[in-house]
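This report describes the fold of one protein chain and the surroundings of its ligand. The sequence and the coordinates are shown first, and the text should be read beside them.

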Amino acid sequence: MDIILIAAITIDGYIARRSDEVITWSKDLKLFKKQTMGYPVIMGSNTEKTLAVELDGREKIIVHRNDKPEKILGELNTEKCFLIGGGMTYAKFAPFLTHMYITPHPIVLGKGIQLFSNLIEELPLKFLRKITVNKTDGIFQFQYKVIR
Ligand SMILES: NC(=O)c1ccc[n+]([C@@H]2O[C@H](COP(=O)([O-])OP(=O)(O)OC[C@H]3O[C@@H](n4cnc5c(N)ncnc54)[C@H](OP(=O)(O)O)[C@@H]3O)[C@@H](O)[C@H]2O)c1
């Protein structure tokens, strides 16, 4: 099963200003919808509270602090699932990721929630492809495979 991290990040590597921020600066929601439609989406409880869009057509799996990633992933019967945030949840599932879809946005926050709130190991990546989101604004999604 492909376990795909998908995130909009700032140029300095943040995904939000605060854990309760509703993200309004992300410009790749159309692509996010297209890519995740029909697949389970896994998110932390903070992210669920800040969702700016309805995730219709996708099974929503909400992760809490005592949940074990192995168990959540082991119960899925799908060719792929998406890990949609936030920083604590990306970090929790980091050892299981197979792919990362990252869209850098032209904004610098200086501080905030990092893509991985608490990453304990390096993740070597192989570049797969680049998807154009908005050429004029310089917004592209970069897709990587995690090398194990
Ligand atoms: N830019 C993007 O692409 C993007 C994507 C997704 C989210 N976001 C943003 O990211 C932010 C949320 O990220 P987040 O990292 O704060 O939260 P999160 O990963 O969405 O959810 C927090 C997770 O950590 C657990 N947790 C909370 N306190 C903990 C503790 N002391 N020890 C261990 N686990 C704990 C929670 O469990 P409990 O339920 O048990 O508390 C929950 O599973 C929001 O602002 C959201 O808008 C941005």
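The account below moves from the whole chain to its sheet, then to the ligand shell and to one residue of that shell's neighbourhood.

**The chain as a whole**

The model is predicted rather than determined by experiment, and its chain holds four helices and nine strands, which follow one another from the N terminus in the order β-β-α-β-α-β-α-β-α-β-β-β-β. Along the principal axes the C-alpha trace spans about 40 × 35 × 30 Å. Because a compact globule of 148 residues would have a radius of gyration near 15 Å, the value of 14 Å for this chain agrees with that expectation. Buried residues account for 26% of the 148 residues, and of the contacts that join residues at least 6 apart in sequence, 74% link residues at least 24 apart.

**The sheet**

Seven strands make up an open sheet with mixed pairing, and their order across it is 4-3-5-1-6-9-8. Strand 4 (60–63) and strand 8 (125–134) each have a single partner strand and stand at the edges, so one side of each is left without a neighbour in the sheet. From one strand to the next the twist averages 25°.

Strand 1 (residues 2–10) runs parallel to strand 6 (residues 99–105), to which seven bridges join it, and strand 1 is also parallel to strand 5, here through four bridges. Individual residue pairs from these two pairings are set out in the table.

| Residue in strand 1 | Partner residue | Partner strand |
|---|---|---|
| Ile4 | His99 | strand 6 |
| Ile4 | Phe82 | strand 5 |
| Ile9 | Pro104 | strand 6 |

Ile4 thus appears with a partner on either pairing, standing opposite His99 in strand 6 and having Phe82 as its bridge partner in strand 5.

Helix 1 (residues 29–36) lies across several strands of this sheet, namely strand 1, strand 3 (41–44), strand 5 (80–83), strand 6, strand 8 and strand 9 (139–146), and the helix runs at about 175° to strand 1.

**The shell around the ligand**

Which residues come nearest to the ligand? Among the 26 residues around the ligand, those are Ser19, Gly44, Asn46, Gly85 and Gly86. Two or more residues of the shell are given by each of strand 1, strand 2 (14–16), strand 3, helix 2 (45–50) and helix 4 (87–93), and helix 2 supplies the largest share, with four residues. By residue class, the shell divides into ten nonpolar, 13 polar and three charged residues.

**Thr47 in helix 2**

Helix 2 also contains Thr47. Is Thr47 buried or exposed? Because 23 other C-beta atoms lie within 10 Å, where 20 or more are required, Thr47 counts as buried. Leaving aside residues up to four places away in sequence, Thr47 touches Ile84, Gly85, Gly86 and Thr89; of these, Gly85 and Gly86 are also listed among the residues that come nearest to the ligand. Pro69 stands 22 residues from Thr47 along the chain, and the C-alpha atoms of the two are separated by 17 Å.

Key: Residues are numbered from 1 along each chain as its sequence is written. This is a predicted model: local features need pLDDT of at least 70, side-chain atom pairs count only at pLDDT 80 or more; totals for chains, interfaces and linings use all residues. Two strands pair if DSSP finds at least two bridges between them. Axes are lines fitted to C-alpha atoms, for helices over the stretch in contact, and angles run from 0 to 180 degrees between N-to-C directions. Two residues are in contact if their C-beta atoms, placed from the backbone, lie within 7 Å. A residue is near a molecule or strand if its C-beta atom, placed from the backbone, lies within 6 Å of it. Ala, Val, Leu, Ile, Met, Phe, Trp, Tyr, Cys and Pro count as nonpolar, Asp, Glu, Lys and Arg as charged, and the others, Gly among them, as polar. A residue is buried if 20 or more other C-beta atoms lie within 10 Å of its own, exposed if 12 or fewer, and partly exposed in between; C-beta atoms are placed from the backbone. The radius of gyration is taken over C-alpha atoms; the globule rule is 2.2 Å times the number of residues to the power 0.38.
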